[in-house]
Structures are given as C-alpha cells and as structure tokens.
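The following exercises are to be worked with the sequence and the coordinates side by side. Each task is followed by a solution that goes step by step.

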Amino acid sequence: MPEVNTLKSKRVEGIITDFDINAPFPKEFQLDITDFCNHRCIFCSNYKRKKKRNIDHEFAQKVLLEAYELGARRVGLYGTGEPLLNSHLADYTAHAKKLGYEYCYIDTNGALATTDRIIPVIQAGIDSIKFSINAGYRETYKEIHGRDDFETVITNLKLLWEYRKKTQSSFRIFVSMAVTDKTKSEASVLEKIISPYIDEWYVRTIFNTCGNNPENNELAEIEPFHIRGRSKSKICFQPFKGFTITPEGLVSACVLDYQRVLILGDLAKSTLKEIWESDLYRDFRKKHKEMRTKGLICYNCIHNTNKRFDPILPQYAAIFVG
C-alpha cells in the first residue's frame, strides 16, 4: 500500500481505481463520528440537516475492529460534521492505532483545535490534521464560515505548529481552501499567513456538495465531471474505493451523504462484509461504471445539475425540506 504522508499523495491515491464492480474491501474509509458542526459554511449542507448526533461509542470501536479485520488500514475520523465536537475523538484515534491502522486523520475547521482539545488527539497517534480555512481576511471568513473565528483558527494553527516543533512529533499539518468567485483572490493572502506553519496546502474550487447544494452555482462556476472537486472524470471513484459509516450506524456510498439517499446497508442488520459484497452495492457500482446514474443524486453531482432523484433505501432518507 503506497504511503500517503503528503496531502498530494493522499489525494492522488484516493482517486486511482480500476472501477471493478466486485471491488475488494477498501483500504480506507470514513468513520463519521459526528454530524454536529460549530460553523455554518455557505457552500456546505450541514446546516440543512435537522437531526444530528454523535456516533455510539461502543459501536465506533466495534466497527473500527470489523473494518480492520476486513483489510482497512486508513481511516478518516470525520465526515459531515466537526470531529472535535465529539469528546471521544482521542479514544477512537488511540483505538484505531492500537488495532494497527497505519494512517488516521481528521479534517477540522480549526476553531476548536485549542491545545487542551487537540493535544490528547495527537498523543493518541493521529497522523495528520487538516484545517479547512476558506478565506484570507477576517471579514470574508465570517461571511463564508458563518462565524467570526478567523483569528482563533490562525492562532490555533500556530500553536499546533509550535507544539509539534517542541515535542518533535511526526503528525502532519495541512490546510485546504475552497474558493468562491469572491474569495479566489484571497488564496495568496491566506498562503502568506499560513505557509510558515504547515507542511502542505491546496486550493480547490467549490462544487455542489455531491449534489446536495445546487445553489453553489451562484457562488462560483462549477464544472461538470469534476468529481468532489478532486478529479476530472465521468465516473466517480468513491463507490469503488471506500464508504462512510454515518453516526447512525449506516453504510453510505458517499462521504457527503447529508440526505442519506446513498445508504446501502444498516450495520444493525448486516455486517460490513455483507453490505460491501451485496448485490445492491454491486449494482450501484455497475451503474457508475456504465454511467447510468440518472435518478440518483450522483447524477447531479457528476453533471452539476439539479434533476429529481430517489434514495436507494427510502426508509433511511432524510430529504431536505424547504
């Protein structure tokens, strides 16, 4: 398994796939430990979700073991929310590393990444922490994130860098910036501020949040076939490369399944292996491989449109209202 100790290598390795409908169990997956968030970013769907929760503590530990025994070796301990809002983040990190996971990582807005919260996560063995900072000025940041936390986030980033330097720790520090038409000129501004305190960063244009935010087209020009803002392709890599376990204990084909319309199994009723190898999942991958996604929210994501879609398993759907 190739190393993913740089942001670029992680992104590149994540999208390489053979598009095999009988894909082997993924080496990497997302464990969405909470869908609560302390920010309200204008291009994110989190604020549209009404019922939110933290993942059950014992269940999270159990599923980390189950996925590891099936061959997973990398896990992102986040998904649709802010991972530092779950007080067990350090516990999950420590448990994953004890099991033998080679790479554990989080993506955070950084506002809660104070030393008292983040140091236990570092000591538990986290391999990388990526801050999502989506503006270069305080005023714009407040508009984008919905919170006046720009100075707090930059302070936390600097303190994280100093802590790593002082302790000679090996975890990596990354920053990403999703730009709108209004903020793309601020990328160079942010780079000057953060570059002394990070290992790597990247800028990407926003996308339609995997079909959940067609209104993002009003914020920037969104290209079709630009899968999750990561690669130009007519076929999504996600169904063949990984899955997300939601805070409710469901298995989703997409990390940004805010409306729970891509649920392919319930871990209260089936094992991970049974779900991944099910006819339902296989058919889902086949539809993607053959580019027959019309009727799924995936079509809206891939083609950047806003067509009607149906959930795969309607009993788990939480369609946005209004």
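**Exercise 1. Classify Ala111 as buried or exposed, and describe its surroundings.**

Solution. Step 1: the relative accessible area of Ala111 is 10%. The limit for a buried residue is under 20%, so Ala111 is classed as buried. The model used here is a predicted one.

Step 2: place the residue in the fold. Ala111 belongs to the loop that runs between strand 3 and helix 4 (115-124).

Step 3: list the partners. When residues up to four places away in sequence are not counted, Ala111 touches Asn38, His39, Asp149, Thr152, Val153 and Asn156.

Step 4: compare sequence and space. Ala111 and Phe150 stand 39 residues apart in sequence, and their C-alpha atoms are 8.0 Å apart.

**Exercise 2. Determine whether the radius of gyration of the protein chain agrees with that of a compact globule, and characterise the chain as a whole.**

Solution. Step 1: for 322 residues, a compact globule would have a radius of gyration near 20 Å. The protein chain has 19 Å, and therefore agrees with that expectation.

Step 2: consider the outline and the secondary structure. Along the principal axes, the C-alpha atoms fill a box of roughly 50 × 45 × 35 Å. The chain contains 11 helices and 11 strands.

Step 3: examine burial and surface. Of the 322 residues, 56% count as buried. The exposed area is about 14400 Å², of which carbon and sulfur atoms supply 50%.

Step 4: examine the contacts. Among those between residues at least 6 apart in sequence, 71% join residues at least 24 apart.

Step 5: examine the charges. There are 47 positive and 41 negative side chains, and the centres of these two sets lie 2 Å apart.

**Exercise 3. Identify how the rings of Phe29 and Phe243 are arranged, and locate both residues.**

Solution. Step 1: the structure holds 12 aromatic pairs. One of them joins Phe29 and Phe243, with 5.2 Å centre to centre and 20° between the planes. Planes under 30 degrees apart count as stacked, so this pair is a stacked one.

Step 2: Phe29 is in strand 1 (residues 28-31), whereas Phe243 is in the loop between helix 8 (238-241) and strand 9 (244-245). The two residues are 214 residues apart, and the pair thus links distant parts of the chain.

Step 3: Phe29 has 2% relative accessibility and therefore counts as buried. Phe243 is likewise buried, with a relative accessible area of 2%.

Step 4: turn to a second pair, Tyr78 and Tyr105, whose ring centres are 5.9 Å apart and whose planes make an angle of 70°. Angles over 60 degrees count as edge-to-face, so that is the class of this pair.

Step 5: Tyr78 sits in the loop between strand 2 (74-76) and helix 3 (89-99), and Tyr105 in strand 3 (residues 103-108), 27 residues apart. Both Tyr78 and Tyr105 are buried.

Step 6: widen the view. Phe29 and Phe243 belong to one aromatic cluster together with Phe25, Tyr68, Tyr101, Trp276, Tyr281 and Phe284.

**Exercise 4. State which class of accessibility applies to Phe19 and which to Thr209, two residues with positive phi.**

Solution. Step 1: phi is near 55° for Phe19, a positive value in a residue other than glycine. For Thr209, also a residue other than glycine, phi is near 50°.

Step 2: Phe19 is found in the loop between helix 1 (7-15) and strand 1. Thr209 lies in the loop between strand 6 (200-205) and strand 7 (226-227).

Step 3: at 21% relative accessibility, Phe19 counts as partly exposed. Thr209, at 5%, is buried.

**Exercise 5. Find the residues in contact with Ile15 and with His226, leaving aside neighbours within four places in sequence.**

Solution. Step 1: Ile15 is in helix 1 and is partly exposed, with a relative accessible area of 25%. The contacts of Ile15, with those neighbours left aside, are Arg230, Ser231 and Phe237.

Step 2: His226 lies in strand 7. On the same condition, His226 is in contact with Thr205, Ser231 and Lys232.

Step 3: add two separations. The C-alpha atoms of Ile15 and Gly295 are separated by 24 Å, at 280 residues apart along the chain. Those of His226 and Ile198, 28 residues apart, are separated by 27 Å.

Conventions
Residues numbered from 1 in each chain as written. Predicted model: local features only at pLDDT ≥ 70, side-chain atom pairs only at ≥ 80, totals over all residues. Heavy atoms only, no water. Helix = DSSP H or I, 4+ residues; strand = E, 2+ residues; numbered from the N terminus. Rg over C-alpha atoms; globule rule 2.2 N^0.38 Å. Buried < 20%, exposed > 50% of the residue type's maximum accessible area, 1.4 Å probe, protein only. Contact = heavy atoms within 4.5 Å. Areas by Shrake-Rupley, 256 points an atom, 1.4 Å probe, with all protein chains shown as cover. Lys, Arg positive; Asp, Glu negative; His and termini not counted. Charge placed at Lys NZ, Arg CZ, Asp CG, Glu CD. Phe/Tyr/Trp six-rings, centres within 6.5 Å; stacked < 30°, edge-to-face > 60°.
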